[in-house]
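Hi,

Here is the model I promised to pass on to you. Please have it open while you read the notes underneath.

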Amino acid sequence: RCFSFSVGRKRELCGLSLCHSAMASLSAPDAIWANWLHAALQNLQQSNLLRSLRPVLCLPSAFCLPESPFLPRSGVQTSSDGAVTDSALDFQTFDGLGPWDRPAVEMEISHKTFELWLNQASSTGEELCSLDMMSQNASSLNAELRHKLVVFSGSDYLGLSVHPTVRRAAAKAALEFGMGPRASPLVSGYTYHHRLLESALADLTKTQDCLLFPTGFAANTAIMTVISNFPQSHTISREEDRVAFFSDALNHASIIDGLHLAQRQRIVEVNIYRHCDMDNLDELLASSNCRRKVVVTDSLFSMDGDFAPMVELAALRRKYRFLLIVDDAHGTLLCGRTGGGVSEAFDVEGEVDIIIGSLSKALGSQGGFIACSQKWKQLLQSRGRSFIYSTALPVPVVAAAYAAILVARKEKWRQASVWEKVKQLSDATGMKFTSPIIPIIIGQEAAALKASKFLLQSGFHVTAIRPPTVPANSSRN
């Protein structure tokens, strides 16, 4: 064993074994999907198409077996070049907000950009490259040329992107490894750091394994196309290959595009059920003749701020034995007692087969992941084109995401503070908000843009969300 992630359920970094209690919490997959997955992997192996990761060590110079990737011993240390470092400062957590948290909720824009935003003019960013603007803004005497805004349109829910420990993790990794190997994970891009983060994410979501992707968008397109691209075998009939997807009407664009790609296979049918309408989903499931069924949903909807009915979905899963895929991009670290996400919050962890997640929201970094069984991981890394043909995430990005998980475990007050603010806003407005995503439905696009402009002039960055992102006549701020 090279590493044991000791917080929560225990797993090994290289051997990837779960303790008995963790295995007991995982729901046994339906026989239809278990047989399909087994046949797919067997077919790939027989065709010499079962792909393998090629791990590169990239171990920190002070590597041992700590719970975190930082220097293992506290106190003053002397490095090989004689420099003195205080390793106790490498991993720090705090009891409350500090000045380092301010950049997570404030931003600064140039006067030129401010004017473009006010006039709703299109920008390609060229105003940032103006030498006149750069020289003016470089001077503290021209502070009036810059505009500070309070950000209400970001997804850095816990403020971890600017945490001192997360910053140090990224900086240390960059100094020691640069960006890391620049290649596909199947070639030489997969490192100790990637495995460390995957192990931590699997532990966080209480799944058997995890696979990192360059973005959450890439993760969603991968799983949809992998399910629909079954490698044909003479022992499987075309009819048994058919698969029916059932997707919530307000699912994220990455799910929609993934399903569009899946539909290129003639064995796929896609059904859209009304938003969070379990009666409608029940009817569609009952009327489908496909043996293989997949239900895919966002867990916390990014434009509406409501939760998928996870308990009802779990009940339907038991009834119809479909594969349940949940995009938990906005739930990871934010929801659940340990930050395990929406399935943990609703106590249905064993009912979700595949979890799609993001590293670029509450984790404050960049990238996506799929938490799943080890067999699903093998299939995804062998057939997921958006994984196979993408360069692995840079090591500093991965190190930052891993550090964010460790910090979030220690600073539980961050998660609690978010939900307390949701309650405070609900109490102050008399409106019932159920999540940190709080849309104010305006209706007409022009009215939403006018409201956004007023807020911008008042120093608040509150973007107008309009069609085609949301349905007509439902524009919001």
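Below is what turned up, going from the whole chain to the cores, a helix pair and two residues.

Please keep in mind that this is a predicted model. The protein chain holds 17 helices and 16 strands. Of its 477 residues, 48% count as buried. If you take the contacts between residues at least 6 apart in sequence, 76% of them join residues at least 24 apart.

Now the interior. The largest nonpolar core is made up of 59 residues, and Leu197, Leu201, Leu281, Val295 and Leu359 are those with the most contacts inside it. Its biggest contributor is helix α15 (residues 395-410), which gives 10 residues. A second core, of 38 residues, lies apart from that one; Leu41, Tyr190, Val268 and Ile388 are among its members.

Leu197 is a good place to zoom in on the 59-residue core. Once neighbours within four places in sequence are left aside, Leu197 is in contact with Leu212, Leu359, Val398, Ala401, Tyr402 and Ile405.

Helix α15 also packs against another helix. How do α5 and α15 cross? The axes of α5 (residues 164-177) and α15 come within 8 Å, at a crossing angle of roughly 150°. Angles over 145 degrees count as roughly antiparallel, so that is how α5 and α15 run relative to each other. Their crossing is right-handed. On the α5 side, the contact is made by Thr165, Val166, Ala169, Ala170, Ala173, Ala174 and Phe177. From α15 come Val395, Pro396, Ala399, Ala400, Ala403, Ala404 and Val407. By type, the residues of this contact are 13 nonpolar and 1 polar, with no charged residue.

Finally, have a look around Phe213 and Ser386. Phe213 sits in strand β7 (residues 209-213) and has a relative accessibility of 1%, so it counts as buried. Beyond residues up to four places away in sequence, Phe213 touches Ala218, Ala219, Ala222, Gly367, Gly368, Phe369, Ile370, Ser386, Phe387 and Leu393. Of these partners, Leu393 is 180 residues from Phe213 in sequence, yet their C-alpha atoms are 7.4 Å apart.

Ser386 belongs to helix α14 (residues 385-388). Is Ser386 buried or exposed? Its relative accessibility is 17%, and the cut-off for buried is under 20%, so Ser386 counts as buried. Setting aside neighbours within four places in sequence, Ser386 is in contact with Phe213, Pro214, Ala218, Thr221 and Ala222. Ala218 and Ala222 therefore appear in the contact lists of both Ser386 and Phe213.

Best wishes

Notes. Residues numbered from 1 in each chain as written. Predicted model: local features only at pLDDT ≥ 70, side-chain atom pairs only at ≥ 80, totals over all residues. Heavy atoms only, no water. Core = buried A, V, L, I, M, F, W, Y, C linked by side-chain atoms within 4.5 Å. Buried < 20%, exposed > 50% of the residue type's maximum accessible area, 1.4 Å probe, protein only. Helix = DSSP H or I, 4+ residues; strand = E, 2+ residues; numbered from the N terminus. Contact = heavy atoms within 4.5 Å. Axes fitted to C-alpha atoms, helices over the stretch in contact; angles between N-to-C directions. Parallel < 35°, antiparallel > 145°, perpendicular 65-115°, else oblique. Left-handed = near helix turned anticlockwise from the far one by under 90°. Nonpolar A, V, L, I, M, F, W, Y, C, P; charged D, E, K, R; others polar.
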